[in-house]
Amino acid sequence: MKKRLLITYSVIIIFSLLLTIILSMVITRNENFAQTETKIIELTKIYANNYSVSSNFTEKIDENIRVSVIDATGKVIADSEGIDLESFENHKNREEIVAAENEVPKSVTRYSSTLKKDMMYYALKVNNGDSFVFVRVALPVEGINSFVSEALPAMLIILGVMLFCAVFLGIFLGNKILEPVAMVKASLQGIANGTFVRVLPTSWDSEINTMLSDINDIGVKLQHSLEASQNEKEKLDYIINNVSDGIVVFNNFAEIVLINQNALNIFCLNPKVVGKNVSVLCAEKKIVEALDMCLTNKESQFFEIDINQLTYLCNVRHTDNELAILVLSDITATRNNEKMRSEFFANASHELKTPLTSIKGFNDLVALKSKDASIKKYSSHIDKETARMLTVINDMLNLSKLESGVETNRLEIDLRAVADDVANSLRPLANEKDILLTVCGEGSVFADREHMYELIKNLVENGIRYNNKGGAVEISIVATSKGTTLSVKDNGIGIDVEHHSRIFERFYRVDKSRSRNTGGTGLGLSIVKHICEHYKAQLLIKSKLGVGTEISVVF
Ligand code: ADP
């Protein structure tokens, strides 16, 4: 900056001095010309008026004045320089002679090859009896050369002095101007480093001092807000790094913007991954795909992944500020508990089934052998209860099987055929309540036939059991290009909307006594839900108390 100031000063001074020199030269030259012209006109008039044939111009009149006489033919007939007259060439066409002949005399300046310098010429026509002559005066013109020789050394001295002053002034002013700038620079660096020091307003200029004190105020505010945001950042970092979930934030180019300690631990990475592409988590292809989907469609994605023998529930969400957040929650314990519960459920059901079957067998034997009416009555109660218990246990075993997630043999199943089978087997139950059971539509799905049978049977059984005498149950199958929909619709007692979200839970019943009385186990819809999850089918319910229920499965 200082260097630049010096250079600028010097250039300005050199340029101004050069301009001054050139201007002075031009002005001096013009002035000289004007003076010489006045002088030459006066002199020529004097010499012309005093001209006579006897005028002797063969001798030097003055160092600088040259007088010549030229006759009408252009021949030089007298010259004060004493040069041999024969050596002159004809002057007839000289500009000043032509002008004088035309009675419009004018001064003409040109270089004289005879005298080797710039000369001004002026001629007047003088009548000489029958003829005429031209009296011509020539004066040297003090042009630029004289100025250069006289004024230039002085100018150069002035230039040197000015340059010296410019350098001195440049250094002085540079220091004065840059002093507050340097202080501001140091102060701003202090803000960035957290070591802000106020700038001292010691400048000689009051405006600069006001500016410095304004900068001080801004600096203090900036320092405070930087400290506040630093504190906030530290708090946020602490929270983010101490939550139990792994958090990774991506920008629109799928580059990692932020990753917390837990996520680093999960993926066995170090903090240097910030700024890198999602592919650094390449071990998890599912994450890359989900992030891609999320960034493209701006839709949240949920999925489970296993990393290093731990199970994580992943959620990738798109935010309004063009970021995507991946949250990994460790659900290993939950999944283990579910597995243990499911295993216990399956084992207990299995263990109960055998003794119950034998109780039922022995009870049948007692009823057969005994002639006592009361024993026969108790035996029939036992039979009813054991049958119910066996139904519950069978449902529990079915549910366990579905929960175990064992892949079954999927074939193209004609849903209409399965629905007809279910309707035929349940028609006696429907007839008991005078219920009209109908099947309509066609469609097929890729599934295990057992599962489809179980699904339709549970829905139709409910439609019959929770129906009124003389009601109707309709199984309908609709196949479209998007998939196949199976619906079971009844005009029975209906379900209040507050129970809609809960009826698919195990053993949840809206009306416990009615469910038991009609032989319900509380597991039917739970089985339906598990089958739907197994085939990734959508389960929809439409039901209104006192109007009826329609449960649809969209494959
Ligand atoms: P349950 O064996 O008791 O029928 P489900 O799981 O099949 O068990 O059904 C859960 C509860 O949902 C039932 O107890 C009943 O209250 C209600 N429910 C199921 N289907 C219907 C229906 N079609 N109409 C009215 N209520 C129903």
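Helix 10, residues 449–465, lies across strand 12, strand 14 (472–480), strand 15 (483–490) and strand 17, with contact meaning heavy atoms within 4.5 Å. Helix 10 runs at about 25° to strand 15; axes are lines fitted to C-alpha atoms, for helices over the stretch in contact, and angles run from 0 to 180 degrees between N-to-C directions. Helices (H or I, at least four residues) and strands (E, at least two) are DSSP runs, numbered from the N terminus.

This is a predicted model, in which local features need pLDDT of at least 70 and side-chain atom pairs count only at pLDDT 80 or more, while totals for chains, interfaces and linings use all residues. Residues are numbered from 1 along each chain as its sequence is written, and side-chain values use heavy atoms, with hydrogens and water left out.

Now the sheet. It is open, with five strands in the order 12-14-15-17-16 and mixed pairing; two strands pair if DSSP finds at least two bridges between them. Strand 12 (436–441) and strand 16 (538–544) are the edges, each with a single partner strand, so one side of each has no neighbour in the sheet. From one strand to the next, the twist averages 10°. Strand 16 and strand 17 (residues 548–554) run antiparallel, joined by seven bridges. Gln538 has Val554 in strand 17 as its bridge partner.

Next, a helix pair. The axes of helix 8 (residues 373–403) and helix 12 (residues 524–534) come within 10 Å and cross at roughly 20°. The two are therefore roughly parallel, the term for angles under 35 degrees. Among the residues that meet are Leu399 and Leu402 in helix 8, and Ile527 and Ile531 in helix 12.

Technical notes. Parallel < 35°, antiparallel > 145°, perpendicular 65-115°, else oblique.
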